[in-house]
Amino acid sequence: MKNSLNKSQIERFSRQLVLKNIGPKGQNKILSSKILIVGVGGLGCPAAESLVRAGVGTLGLIDNDIINLSNIHRQSLFSSKDLKKLKVSVAAKKLKEINPLTKIKTYKSRLSEKNVKNIIKNYEIIIDGSDNFKTKFLINDYCIKYKKKLITGAISKFDGHVFTFDFKDKKTASLKNFYQEKKISDDILNCEFEGVLGTTALIVGAIQASEALKMIIEIGQSLKNQIFIIDLLNLNFRKVKFKKK
């Protein structure tokens, strides 16, 4: 890919450009990438901010929630002055202030069977920051159908999980190969009842963004057919393999 970076871009992304695994070629891939974030909450906020700072070309944000006071401790794009405002609107404004070069597209609705196809088809990578299994499985199914790349995150208490899927590869396992029960309680993803340390959300969201950037540039190792488990209380990190069935 030809180096088409201008002087401003070279200065803005200079600390990434010096990385041998990125350079001008990798940065141009980032600048032309299209990523959708489902859920602008504890995971979506740090993921979005990290990607915009890295120079992602187009970022989609879908969420229909408003900002509550209980969100502030872990949803890093919001402050007390943003209460009762739509998350996607506030996030889009702040992200544009960080990097005006990124095109931000907002969807002020909940992802559903009615809109998922028309939204997902416009993006190459989907970051799942949702907080319920119905939405997670919906995203999973449509990413399989349209051969998208998917990075799923989940948090509870001091723990985080990250999955990475590239459904262009037919050997890739899916979220349903890990969560094999027909009905799973959303209580394990519910911060209201289970609680969550704010830094858990920030770390997992940042890891999701990092995995997306690696996918774009095509570097490093992925979490194919593995789950990355984070235990911040005991500072344990491990990967567990699972198979496609």
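Leu235 sits in the loop that links strand S7 to strand S8 (236-241), and this residue is a friendly place to start our tour of a predicted model. Leu235 is exposed, with a relative accessible area of 59%. Its phi is near 50°, a positive value in a residue other than glycine. From here the briefing turns to the whole chain, then to its strands and a buried helix residue.

**The chain as a whole**

- The protein chain holds 10 helices and 8 strands.
- A compact globule of 245 residues would have a radius of gyration near 18 Å, and the 17 Å of the protein chain agrees with that.
- Taken along the principal axes, the box filled by the C-alpha atoms is roughly 50 × 45 × 40 Å.
- Of the 245 residues in the protein chain, 51% are buried.
- If you look at contacts between residues at least 6 apart in sequence, 64% of them join residues at least 24 apart.

**Surface and charge**

- About 12800 Å² of the protein chain is exposed, and carbon and sulfur atoms supply 52% of that area.
- The protein chain carries 45 positive and 22 negative charges, and the mean positions of the two sets are 8 Å apart.

**Strand S2 and its partner S1**

- Strand S2 covers residues 58-62, and 5 of its 5 residues are buried, so the strand is largely enclosed by the rest of the structure.
- In a regular strand the side chains alternate between the two faces of the sheet.
- Both faces of S2 are covered: on one side Thr58, Gly60 and Ile62 are buried, and on the other side Leu59 and Leu61 are buried too.
- S2 pairs with strand S1 (residues 34-38) in the parallel sense, over 5 bridges.
- One point to find by eye is Ile35, whose bridge partner in S2 is Leu59.

**Ile120, a buried helix residue**

- Ile120 belongs to helix H6 (residues 116-120).
- Its relative accessibility is 0%, so Ile120 counts as buried.
- Setting aside residues up to four places away in sequence, Ile120 touches Leu36, Ile126, Tyr142 and Lys148.
- Ile120 can also be placed relative to S2: Gly60 is 60 residues away in sequence, and the two C-alpha atoms are 9.5 Å apart in space.

**The antiparallel strands S5, S6 and S7**

- Strand S5 (residues 149-156) and strand S6 (residues 159-166) pair in the antiparallel sense over 8 bridges.
- Lys149 has Asp166 as its bridge partner in S6.
- The hairpin of S5 and S6 has 2 residues between the strands, and Lys157 in this hairpin takes a positive phi near 55°.
- S6 is also joined to S7 by 5 bridges, and these two strands run antiparallel.
- On that side, Gly160 has Ile230 as its bridge partner in S7.

**Positive phi outside glycine**

- Most residues other than glycine have a negative phi, and most peptide bonds are trans.
- Glu218 is not a glycine, yet its phi is positive, at about 65°.
- Glu218 is found in the loop between helix H10 (198-217) and strand S7 (226-231).
- With a relative accessibility of 61%, Glu218 counts as exposed.
- Leu235, where the tour began, also has a positive phi, near 50°, and lies in the loop between S7 and S8.

Key: Residues numbered from 1 in each chain as written. Predicted model: local features only at pLDDT ≥ 70, side-chain atom pairs only at ≥ 80, totals over all residues. Heavy atoms only, no water. Helix = DSSP H or I, 4+ residues; strand = E, 2+ residues; numbered from the N terminus. Rg over C-alpha atoms; globule rule 2.2 N^0.38 Å. Buried < 20%, exposed > 50% of the residue type's maximum accessible area, 1.4 Å probe, protein only. Contact = heavy atoms within 4.5 Å. Areas by Shrake-Rupley, 256 points an atom, 1.4 Å probe, with all protein chains shown as cover. Lys, Arg positive; Asp, Glu negative; His and termini not counted. Charge placed at Lys NZ, Arg CZ, Asp CG, Glu CD. Pairing = 2+ DSSP bridges.
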